[in-house]
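Please look at the sequence and the fold below before reading on. The report after them goes through the pocket, the nonpolar cores, the sheet and one loop.

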Amino acid sequence: MTEHSFFPTSIYIEDRPDFLPEVRVTIMEYLKDIKAQNLTPEDMLTPVQTDGFAHEPVLKGFTEFIAQTAWNILDQQGYNMQDSGTYFREMWCQEVNQYQGHDEHVHHYSDQISGIYLVDCPDTGSKLAIHDPRAGKLQINLPEKDRAVVTQASPTAVLTAAPGRFYFFNSWTPHSVTRNLGTEATRLVHFNLTVGPAPKTSAIVV
């Protein structure tokens, strides 16, 4: 018997700690601005979320890498990207404090590639979790042999974390940020990119 896998859910992981210095400085400035707005007790129940900063000149190398990688992923997946470019729809930072998290969700509004860049990820902090997108399978799932091992029976995979680590995935992929069980904050950059006509001079536009 031979096994053939079709319609996979792919997660692309790459470590780029070289971007950390400029990214950390930028997000701390944006976090300071948002925290100065006198957050209410209700606001403190959810992660702190900054305004968008994909336009910041200091992050030019960072955003160009993300845009090019998103284009490469879609091209490698078989999409006709010859006359298309990848464009940021949004990029922001999320600070996840103790007991906070972000429930399972997908991205839409024409998003094609989404992702996360980890900046601060303490050992007991939040992690990215990927969820099975196949509703039909979830409806009839059988019990797993060992929930600690990711197999074809698993409905969720929690990914290992490291500062400077990128995760890229198709925007239809259900994902969440697990609860922060420690006292130190987890800080992540989230980004969503869409696809549109490319200018004549370049295939990638930020």
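By class, the lining of the largest pocket has 11 nonpolar, eight polar and three charged residues, where Ala, Val, Leu, Ile, Met, Phe, Trp, Tyr, Cys and Pro count as nonpolar, Asp, Glu, Lys and Arg as charged, and the others, Gly among them, as polar. This is a predicted model, in which local features need pLDDT of at least 70 and side-chain atom pairs count only at pLDDT 80 or more, while totals for chains, interfaces and linings use all residues. Residues are numbered from 1 along each chain as its sequence is written, and side-chain values use heavy atoms, with hydrogens and water left out.

The volume of this largest pocket is about 550 Å³. A pocket is an open set of points on a 1 Å grid over the protein atoms alone where a 1.4 Å probe fits, with protein on both sides within 12 Å along at least five of seven lines, and its lining residues have an atom within 4 Å of a point; the volume is the space filled by probe spheres set on the points, which are joined across faces, edges and corners. Among the 22 lining residues, Thr9, Asp132, Arg134, Thr151 and Gln152 are the closest to the centre of the pocket. Strand E6 (128-131) and strand E7 (156-158) are the elements that give two or more residues to the lining; helices (H or I, at least four residues) and strands (E, at least two) are DSSP runs, numbered from the N terminus.

Turning to the interior, the largest nonpolar core has 30 residues, and those with the most contacts inside it are Phe62, Ile66 and Tyr117. Such a core is a set of buried Ala, Val, Leu, Ile, Met, Phe, Trp, Tyr and Cys residues joined through side-chain atoms within 4.5 Å, and buried means under 20% relative accessible area, exposed over 50% and partly exposed in between, with a 1.4 Å probe and protein chains only. Helix H2 gives the most to this core, with eight residues. Leaving aside residues up to four places away in sequence, Phe62 touches Phe19, Val23, Met91, Tyr117, Phe166 and Val189, a contact being heavy atoms within 4.5 Å. A second, separate core of 11 residues includes Leu128, Ile130, Val177 and Leu188.

How are the six strands of the open sheet ordered? They follow the order E1-E8-E5-E10-E3-E2, and the pairing is antiparallel, where two strands pair if DSSP finds at least two bridges between them. Strand E1 (11-15) and strand E2 (48-49) stand at the edges with a single partner strand each, so one side of each is left without a neighbour in the sheet. Strand E3 is mostly covered, since 10 of its 13 residues are buried. The table gives three of the pairings.

| Strands | Bridges | Residues that stand opposite |
|---|---|---|
| E5 and E10 | seven | Ser114 and Asn192 |
| E3 and E10 | 12 | Glu90 and Asn192 |
| E2 and E3 | two | Val48 and Glu95 |

Finally, the loop between strand E4 (102-105) and E5 holds Tyr109, a residue other than glycine whose phi is near 55°, a positive value. Tyr109 counts as exposed because its relative accessibility is 59%. Ser110 lies in the loop between E4 and E5 as well, and its phi is near 75°, again positive in a residue other than glycine. With a relative accessibility of 46%, Ser110 therefore counts as partly exposed.
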